[in-house]
Amino acid sequence: MRIGIDAHAIGTGLAGNETYIKNLIPALAEIDSKNEYIIFVTRSESPVAEIEKFPHVRIVRIWPHTRYVRIPLSLPLAVLRTGVDLLHVQYTAPPWNFVPVVTTIHDISFEHLPQFYTPRERWFFKLAIGYTARHAAKILTDSEYSRQDIIQTYDLPADRVVVTPLGVSSIFRPVREPDRIESVRKKYGITREYLLSVGSLQPRKNLVRLITAYVRLRAREEDFAPQLVIVGKRAWLYQDIFRAARTSGYLSDIIFTDYVPDEDLPMLYSGATVFIYPSMFEGFGLPVLEAMACGVPVITSNSSSLPEVAGEAAVLVDPYDETALEKAILRLVSDDRLRQKLSLEGLRQAQKFSWRRTAELTLQVYEDVVRRATGKSEPLYARSAAS
């Protein structure tokens, strides 16, 4: 079988979308030695060394990157040209498909929080993702919360939507070498103890409330003086986030790093006193898992999929309650024993998730889709001997 995967997110710094596809492809290639993988990328500089090393994986570059040409024209033409038997996309499939389509829809926050998207984004997402959800052979999503949300929102049969939880890369582990942590701290202008948040800069991530809670604590608590480090690429409608920082009175202690390469993230996580992820809506919340894998105690939201991912290993708060967020931050910063307890519980929670398992579940879906399309009953892939 020849499997086509739309990997246009590689090289874009698109947070979870890029992390997902960069980790899924090598995990698939490692456990599936029988089938050929055609990986469609859109940037000549896309970092694909970890993918190209597999003999049964081939990189095909398509242009242009813009979705308004790529989705209706470049991608379907590439599918025809390469003769793939199945196409796997994130969120949006071409409006016409010559092969069965599997789509990964991480979440449908745009359906519930439309005010956090530009009019153009709202229009595009509702039209394109809604169409894809109703016409894809199978939909993959990251959590049971998102599965139920997609089924109910689009009125789909339950067996069309499959949960394939995300994993955590092996690079995310506690860094014990102070010199490595200090080197990365200096690189990003961090001069002392810090709180950390990681995610693209957009309204849904709730960073304005995080900054507000931080400022209130700084103003009220004499001994509370950590810096606040916010890691992430500018996405959309991020102006209010920077405005909150500029008017805070603590601008010099609120550090925006912009996009951070993967190799620096374990040091940033490991050096943080507390990791805070107060997002209003997530299909999974991968940074929560990465932080736990690095041994940093976590505060996150008690809504959407985040309790499912965090389990009992985080402090959960109402993302709309700034006072609750303030109290949670102060409690963790002040309580060494609680931080140690959450660090250990987080390490155990993170071990429950792996990209290998994500790949195994994904392959099962590929097999089911192609079997139904071709009428073949034999296995369509062979796992490596290490499986």
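## A walk through the model

Leu73 sits in helix H3, and that's where we'll start. Keep in mind as you click around that this is a predicted model.

**Stop 1: Leu73 and its surroundings.** Select Leu73 and turn on the surface. Is this residue buried or exposed, or somewhere in between? Its relative accessibility is 45%, so Leu73 counts as partly exposed. Now add Leu77, Leu80, Trp96 and Phe98 to the selection: together with Leu73 they make a nonpolar surface patch, with about 540 Å² of accessible area between them.

**Stop 2: the sheet.** Switch to a cartoon view and look for the open sheet. Its seven strands are paired in parallel and follow the order S3-S2-S1-S4-S5-S6-S7. Which strands stand at the edges? They are S3 (57-61) and S7 (161-163); each has a single partner strand, so one side of each has no neighbour in the sheet. Going from one strand to the next, the twist averages 25°.

Bring helix H3 back into the picture by selecting residues 67-82. H3 packs on the sheet and touches S1, S2, S3 and S4, and its direction makes about 150° with that of S2.

**Stop 3: S1 and S2.** Select residues 2-6 for S1 and 36-41 for S2; these strands run parallel and are joined by five bridges. For one of the pairings, click on Asp6 in the viewer and then find its bridge partner in S2, Phe40.

**Stop 4: S4, from the inside.** Next, select residues 86-90, which make up strand S4. How many of its residues are buried? Five of the five are, so S4 is largely enclosed by the rest of the structure. Show the side chains and you'll see Leu86, His88 and Gln90 pointing one way, while Leu87 and Val89 point the other way.

Stay on His88 for a moment. On one strand, S1, Ile5 stands opposite His88; over in S5, the bridge partner of His88 is Val102. S1 and S4 run parallel with three bridges between them, and four bridges link S4 to S5 (residues 101-104), again in parallel.

**Stop 5: a cis peptide bond.** Move to the loop between S3 and H3, where you'll find Pro64. Zoom in on the backbone from Trp63 to Pro64: this peptide bond is cis, with omega near -5°. Most peptide bonds are trans, and most residues other than glycine have a negative phi. Hold on to the point about phi for later.

**Stop 6: the loop between S8 and H8.** This loop connects S8 (194-198) with H8 (207-220), and it holds Arg204. Arg204 is buried, with a relative accessible area of 7%. What is Arg204 in contact with, leaving aside its neighbours within four places in sequence? Among the residues to select are Asp107, Ser109, Leu113, Phe116 and Tyr117, along with Ser279, Met280, Phe281 and Glu282.

In that loop, also pick out Asn206. Asn206 has a positive phi, near 70°, and at 2% relative accessibility it counts as buried.

**Stop 7: Ser304.** Another positive phi, near 50°, belongs to Ser304. Look for Ser304 in the loop between S12 (298-301) and H12 (306-310). Ser304 counts as buried, at 15% relative accessibility.

**Last stop: Ser252.** Finish in the loop between H9 (239-246) and S10 (254-258), and select Ser252. Ser252 is exposed, with a relative accessible area of 64%. Try a distance label from Ser252 to Leu228: they are 24 residues apart in sequence, and their C-alpha atoms are 9.7 Å apart in space.

Conventions. Residues numbered from 1 in each chain as written. Predicted model: local features only at pLDDT ≥ 70, side-chain atom pairs only at ≥ 80, totals over all residues. Heavy atoms only, no water. Pairing = 2+ DSSP bridges. Helix = DSSP H or I, 4+ residues; strand = E, 2+ residues; numbered from the N terminus. Axes fitted to C-alpha atoms, helices over the stretch in contact; angles between N-to-C directions. Contact = heavy atoms within 4.5 Å. Patch = residues over 30% accessible without salt bridge, like charges linked within 9 Å, V, L, I, M, F, W, Y side chains within 5 Å. Areas by Shrake-Rupley, 256 points an atom, 1.4 Å probe, with all protein chains shown as cover. Salt bridge = Lys/Arg side-chain N within 4 Å of Asp/Glu carboxyl O. Buried < 20%, exposed > 50% of the residue type's maximum accessible area, 1.4 Å probe, protein only.
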